[in-house]
Amino acid sequence: MAQFLALLGDLPISTENEELVIRMFMACGLWGPGGWPNTAVHCAKVAQVAMELCKLAELPISAVENVVFAGLVHDARKSFEKAQIAQLTSGGMSKDDAYTAAACTQATWLIEFGIPDHIVGLSGLSGHTSLGGFYPELPDSLPAMAFHVADDLCGGQYGDELVMLHDRMAQLRERYDWLSNTREELGGRSWIDVQAEVADQIMDAFATQTVFQTGEALNRWLVRYFN
Ligand SMILES: [Fe+2]
């Protein structure tokens, strides 16, 4: 967890919230022996990237603090749930029963843990399950967009290395077949096609707020800056 603490030390978060995050990681089993340090580092990295995008767009410090807090907590419970499901299925339980037994949505867990509602809302805006909030129209909220695309950008092997969006989408297509094949909900388009389009649109939107000519140029700069 040394890497996580080093990243955490550079982020604008109050001592009280920092302690809350650490307590939550401990409760999820991410912390300590046999924990999931990669997930904790990924969370800190998403927080850092979302923060950088908000700073580049000169958003107020309150927006920066919100995306940082949301980034730090966004994948904690999901990983815990996955571990529980893996344990239950390896013990012979069917996948469906294991999902039911482990079920507790990320939002429920975070609220029970005392994370404020607006942070819980923001923290749910990552990945394909949040695309309804970004498609067919981008929301009128740069912090929401920064948070969403930051998770797409942190797609290296351990989730803490920045990547070019087109590489990330290729990686997702390869890893999750159904993301490329499920089309009914999106008028004939696949989840991954929509996710790729949304991510590009967000980067273009941020490029117009900054000195970068295109979203791709901004993406390339972020990769160089963070890796
Ligand atoms: Fe994530």
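I'll start with helix 9: at 1.5 Å a residue, its 12 residues should span 16 Å, and the end C-alpha atoms are 16 Å apart, so the two agree. Before going further, note that this is a predicted model.

Helix 9 is mostly covered, with 12 of its 12 residues buried. Those residues are L142, P143, A144, M145, A146, F147, H148, V149, A150, D151, D152 and L153. Notice that the list takes in H148, D151 and D152 along with the nonpolar residues such as L142 and V149. What do the buried residues of helix 9 pack against? The partners are helix 3, helix 4, helix 8, helix 10, helix 12 and helix 13.

Two residues of helix 9 are worth a look. The first is A146, which sits in helix 9. A146 has 30 C-beta neighbours inside 10 Å, and since 20 are enough, it counts as buried. Leaving out residues up to four places away in sequence, A146 touches A50, L53, C54 and V67. For a sense of distance, A146 and S180 are 34 residues apart in sequence and 24 Å apart in space, C-alpha to C-alpha.

The other is H148, also placed in helix 9. Is H148 buried or exposed? With 26 other C-beta atoms within 10 Å, H148 is buried. Its contacts, again not counting residues up to four places away in sequence, are L125, S126, S130, F134 and I202. H148 and V46 are 102 residues apart in sequence, yet their C-alpha atoms are 9.2 Å apart in space.

Next, the core. The largest nonpolar core has 60 residues, and the ones with the most contacts inside it are A50, V67, V73, A146 and A150. Which helix gives the most to this core? That is helix 3, with 11 residues.

V67 and V73 bring us to helix 4, as both are among its buried residues. The 13 residues of helix 4 should span 18 Å at 1.5 Å a residue; the end C-alpha atoms are 19 Å apart, which agrees. Of those 13 residues, 10 are buried, so helix 4 is largely enclosed by the rest of the structure. The buried ones are A63, V64, N66, V67, V68, F69, A70, G71, L72 and V73. Their cover includes helix 2 (15-28), helix 3, helix 5 (76-90), helix 7 (106-112), helix 8 and helix 9. Looking at V67 by itself, and not counting residues up to four places away in sequence, it touches A47, A50, M51, C54, L122, P143, A146 and F147.

From helix 2, I'll take one residue, C28. C28 is buried, with 23 other C-beta atoms within 10 Å. Apart from neighbours within four places in sequence, C28 is in contact with A76, R77, S79 and F80. C28 and A40 are 12 residues apart along the chain, with 11 Å between their C-alpha atoms.

Now helix 13, residues 215-226. Its 12 residues should span 16 Å at 1.5 Å a residue, and its end C-alpha atoms are 16 Å apart, in agreement. Which residues of helix 13 are buried? They are G215, L218, N219 and L222. These cover an arc of only 100° around the axis, which puts them on the same side of helix 13. The general point is that an α-helix has 3.6 residues a turn, so residues three or four places apart point the same way. What covers the buried residues of helix 13 includes helix 3 (37-56), helix 9 (142-153), helix 10 (165-175) and helix 12 (191-208).

How do helix 12 and helix 13 meet? Their axes come within 7 Å and cross at roughly 90°. Helix 12 and helix 13 are therefore roughly perpendicular to each other. On the helix 12 side the contact is made by D200, M203, D204, F206 and A207, and on the helix 13 side by G215, A217, L218 and N219.

Two backbone details to finish, both in loops. The peptide bond from Y135 to P136 is cis, with omega near 5°. P136 lies in the loop between helix 8 (117-123) and helix 9. The other detail is E58, in the loop between helix 3 and helix 4 (61-73). Phi of E58 is near 55°, a positive value in a residue other than glycine. E58 is exposed, with 10 other C-beta atoms within 10 Å.

Methods
Residues are numbered from 1 along each chain as its sequence is written. This is a predicted model: local features need pLDDT of at least 70, side-chain atom pairs count only at pLDDT 80 or more; totals for chains, interfaces and linings use all residues. Helices (H or I, at least four residues) and strands (E, at least two) are DSSP runs, numbered from the N terminus. The expected span of a helix is 1.5 Å times one less than its number of residues. The arc is that of the directions from the helix axis to the C-beta atoms. Two residues are in contact if their C-beta atoms, placed from the backbone, lie within 7 Å. A nonpolar core is a set of buried Ala, Val, Leu, Ile, Met, Phe, Trp, Tyr and Cys residues joined through C-beta atoms within 7 Å. Axes are lines fitted to C-alpha atoms, for helices over the stretch in contact, and angles run from 0 to 180 degrees between N-to-C directions. Angles under 35 degrees count as roughly parallel, over 145 as roughly antiparallel, 65 to 115 as roughly perpendicular and the rest as oblique.
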